[in-house]
Amino acid sequence: MLKVMITLSTLFFVGVLQATEVAVLDFRAALLNSEIGIEAAKEPKQKVAAMDARLKKEENVVNGMIQDLKRDELTLSPEEYQKRRQAIAEHDKKVRAMAAKMQNEARTLEQKLIQDLTPKGEAALKAMIEEQGIELVLNRQSSLYAGAKVDITSELVQRINKEN
């Protein structure tokens, strides 16, 4: 009797799973790859590129200071050597702080961009869900495996582009 109950419950769950229309989606990628996402990302990308250029310039200054110290190492007094090493360490610390600040700013710019684009993406996704009868949408990154048939990311990009 127990075997019959287990078999019936297993068949029931298999039937339920087969009846569910499942899709996976990378919502962030869909937003950023849509035409409005690409257009909206131009200004933040320019800001990030400018910040990156400043950071590289400062890193080059530190590297130049290090090269100068290596070159002059044998001719410097111990006090002057220590003073230069300390100046390099302070400048390097500033560069690292600048890099961390820039990473935070870049992350904030991306989050704002996603936040601004989300309503349009959600509207397009809801329309797709209704049209295709999708019952479950999973984040693509959280799924272990998903076939190409169930990935609706590119469809969502096309839908967002069509609606705007």
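Begin by selecting Glu43 and Lys47, which sit four residues apart in helix H3 (residues 35–72) and are therefore separated by about one helical turn. In this predicted model, their side chains meet in a salt bridge, with 3.5 Å from N to O. Colour the pair by accessibility and both partners fall into the intermediate class: Glu43 is partly exposed at a relative accessible area of 49%, and Lys47 is likewise partly exposed, at 40%. Side chains of opposite charge can pair when their charged atoms come close. The structure as a whole holds 15 salt bridges, and the next stops visit some of them.

Stay in helix H3 and move the selection to Asp68 and Arg71, which are three residues apart, about one turn of the helix. These two residues form a salt bridge whose closest N and O atoms are 3.1 Å apart. Arg71 is exposed, with a relative accessible area of 58%, because the cut-off for that class is over 50%, whereas Asp68, at 33%, counts as partly exposed.

Now go to helix H4 (residues 78–132) and select Asp92 together with Arg96, a pair set four residues apart, again about one turn of the helix. Their side chains meet in a salt bridge, at 2.9 Å from N to O. Here the arginine, Arg96, is exposed at 59% relative accessible area, while Asp92 is partly exposed at 25%. With these pairs still displayed, add Asp72, Glu80, Lys83 and Arg84 to Asp68 and Arg71: salt bridges that share partners join these six residues, Asp68, Arg71, Asp72, Glu80, Lys83 and Arg84, into one network.

For the last stop, leave the charged pairs and turn to helix H5 (residues 153–163). Which residues of H5 are buried? Select Thr153, Leu156, Val157, Arg159 and Ile160, and you have them. They cover an arc of only 165 degrees around the axis, and therefore lie on the same side of H5. Rotate the view to the face of H5 turned away from that buried side, and you will find the exposed residues Gln158 and Lys162.

Finally, bring back the surroundings of the helix and ask what covers the buried residues of H5. The covering elements include strand E1 (22–25), helix H2 (27–33), H3 and H4, so that the tour returns to H3, the helix in which Glu43 and Lys47 lie about one helical turn apart.

Note on methods
Residues numbered from 1 in each chain as written. Predicted model: local features only at pLDDT ≥ 70, side-chain atom pairs only at ≥ 80, totals over all residues. Heavy atoms only, no water. Salt bridge = Lys/Arg side-chain N within 4 Å of Asp/Glu carboxyl O. Helix = DSSP H or I, 4+ residues; strand = E, 2+ residues; numbered from the N terminus. Buried < 20%, exposed > 50% of the residue type's maximum accessible area, 1.4 Å probe, protein only. Arc of directions from axis to C-beta. Contact = heavy atoms within 4.5 Å.
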